[in-house]
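Got your viewer open? Load the model shown here and keep the selection box handy, and we'll walk through it stop by stop.

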Amino acid sequence: MNKYYEVAKAEYASYGVDTERAINALREIPISVHCWQGDDVVGLDGAGRLSGGIQTTGNYAGRARNFNELCADLQKALSLMPGKKRLNLHASYAVLNGEQVDRDKYSSKHFAPWVKFAQKVGLQGIDFNPTMFSHKNVKDGLTLSSPDESIRRFWVEHCKACIRIAEYFAQEMNSHCLVNIWIPDGYKDVPADRLSPRLRLKQSLDEILSIDYDKDKVIVAVESKVFGIGVESYTVGSNEFYQNYAAQKGICCLLDNGHYHPTEVVSDKIPALLAFYNKIALHVTRGVRWDSDHVVLLEDEIKEIAKEIVRNNATDKVLIGLDYFDASINRLSAWVTGQRAMQRALLYALLLPNDRLRALQESGRLTELMVLQEAVKDLPFGGVWKEYLRREAVQEDYFSEIEQYEKEVLGKR
């Protein structure tokens, strides 16, 4: 036990906070680490480039170019991350081994190598995302809401295939699989008809959910967005549409904290949805002016998101996943920095005297509440974080190892 921790432990105890309990609780909260940070969302199924309302900025050397390189980079990054981890996959990371098969025909065999990898490195589970971008069947920027029935049919079958693959992941990993549906559908300029695309999307989703699947193993979620590149004026899958649809169908809402107006915050949406849903999913990112998918840092909104998860006893109800892709810096450093930032935010929240704060609010002692909220900001959080890292057997300095990996591996690609 380090001396900094002893001091921190005593100071937190004076506020009624048990640091041991906080550390033990953090060790049980899994974070789903996204595979697509390692290769700039290019994927493995031959798309070759990213398209469909999203983009990656930068051209840093050493991008993973195939399954083996991506796994090697992921394994190195995961070894520098404390806590429990899951793997978050997009369908475009199918391992086809030269087989000519399109996304509507993907099956579990195309993802068996990922299961072997996840089991080998000790991951807690695998989450999955249909990939409805970077494909020729994104016609006029539309997928599940397209007026072209053949286009809609292709993507419906793709999503059905993804649910079946998710059951395979759940069975093999002995853990649930979150299947998150996001589509790029929308219009660059003002549409003449806002309702018909949404009715078609609703029909497509109804067809997808009509298949028989194990709802204990597979958690289906829908993810809204306020706008994207090329769809600035109208997004079919809006927040209002998906929240109503999810409530009606008993499925999950996924909140991406880059997908809302800058004056909206996901931290406030979490307790709002907890009043109605028993599961909420998150894609944690950092938007700079818009959904720019910057690396997650320990900023105010990340802290507020973690507070709402912890103070509402929702660590088993809120499914935390990362979603960013920065190609302007070392990609492994981006992975580790973001995952550690999310863990630090959770630890910060676990170290708050939440019961005491709540009691002050409930009794109307709001002046005292404000004073206490300010006072706890000065508590020695860093001492507890250092002790957590020590117990997780990872170094505080992860950059040195990443620099060495860049020199020995990434720099030779």
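Some ground rules on empty space: on a 1 Å grid over the protein atoms alone, a cavity is a set of points where a 1.4 Å probe fits but cannot get out, while a pocket is an open set with protein on both sides within 12 Å along at least five of seven lines; lining residues have an atom within 4 Å of a point. Grid points are joined across faces, edges and corners, and a volume is the space filled by probe spheres set on the points. This is a predicted model, where local features need pLDDT of at least 70 and side-chain atom pairs count only at pLDDT 80 or more, though totals for chains, interfaces and linings use all residues. Numbering runs from 1 along each chain as its sequence is written, and side-chain values use heavy atoms, with hydrogens and water left out.

**Stop 1: the cavities**

How many cavities of 30 Å³ or more are there? The count is three. Start with the largest, which holds about 190 Å³ of space. Select Ile 54, His 90, Phe 133, Trp 182 and Asp 323, the residues nearest its centre out of 17 that line it. The lining of this largest cavity splits into seven nonpolar, five polar and five charged residues (nonpolar is Ala, Val, Leu, Ile, Met, Phe, Trp, Tyr, Cys and Pro; charged is Asp, Glu, Lys and Arg; the others, Gly among them, are polar).

Keep Trp 182 selected: it also lines the second largest cavity, along with residues including Gly 52, Ile 183, Lys 225 and Phe 227. That second cavity has a volume of about 50 Å³, and its lining has five nonpolar, four polar and one charged residue.

**Stop 2: the pockets**

Now for the open spaces. The largest pocket has about 550 Å³. Select Arg 21, Leu 350, Leu 352, Asn 354 and Asp 355, the closest to its centre among 20 lining residues. Helix 2 (19-26), helix 9 (300-311) and helix 11 (354-362) each give two or more residues to this lining, and helix 11 gives the most, with four. (Helices, H or I of at least four residues, and strands, E of at least two, are DSSP runs numbered from the N terminus.)

The second largest pocket has about 360 Å³ of space. Of its 20 lining residues, Asn 257, Gly 258, Pro 262, Glu 264 and Gly 287 are closest to the centre.

**Stop 3: helix 4**

Select residues 112-120. Which residues of helix 4 are buried? They are Trp 114, Val 115, Phe 117 and Ala 118 (buried is under 20% relative accessible area, exposed over 50%, partly exposed in between, with a 1.4 Å probe and protein chains only). Looking down the axis, these buried residues fall within an arc of 165°, so they line one face of helix 4; the arc is that of the directions from the helix axis to the C-beta atoms. On the other side, Lys 116 and Lys 120 are exposed. The buried residues pack against helix 3 (67-79), strand 2 (85-90), strand 3 (126-129) and helix 5 (149-173) (contact means heavy atoms within 4.5 Å).

**Stop 4: positive phi**

Val 41 is not a glycine, yet its phi is positive, near 65°. Find Val 41 in the loop between strand 1 (31-34) and helix 3; at 4% relative accessibility, Val 41 counts as buried. Then jump to Ser 134, with a positive phi of about 50°, in the loop between strand 3 and helix 5.
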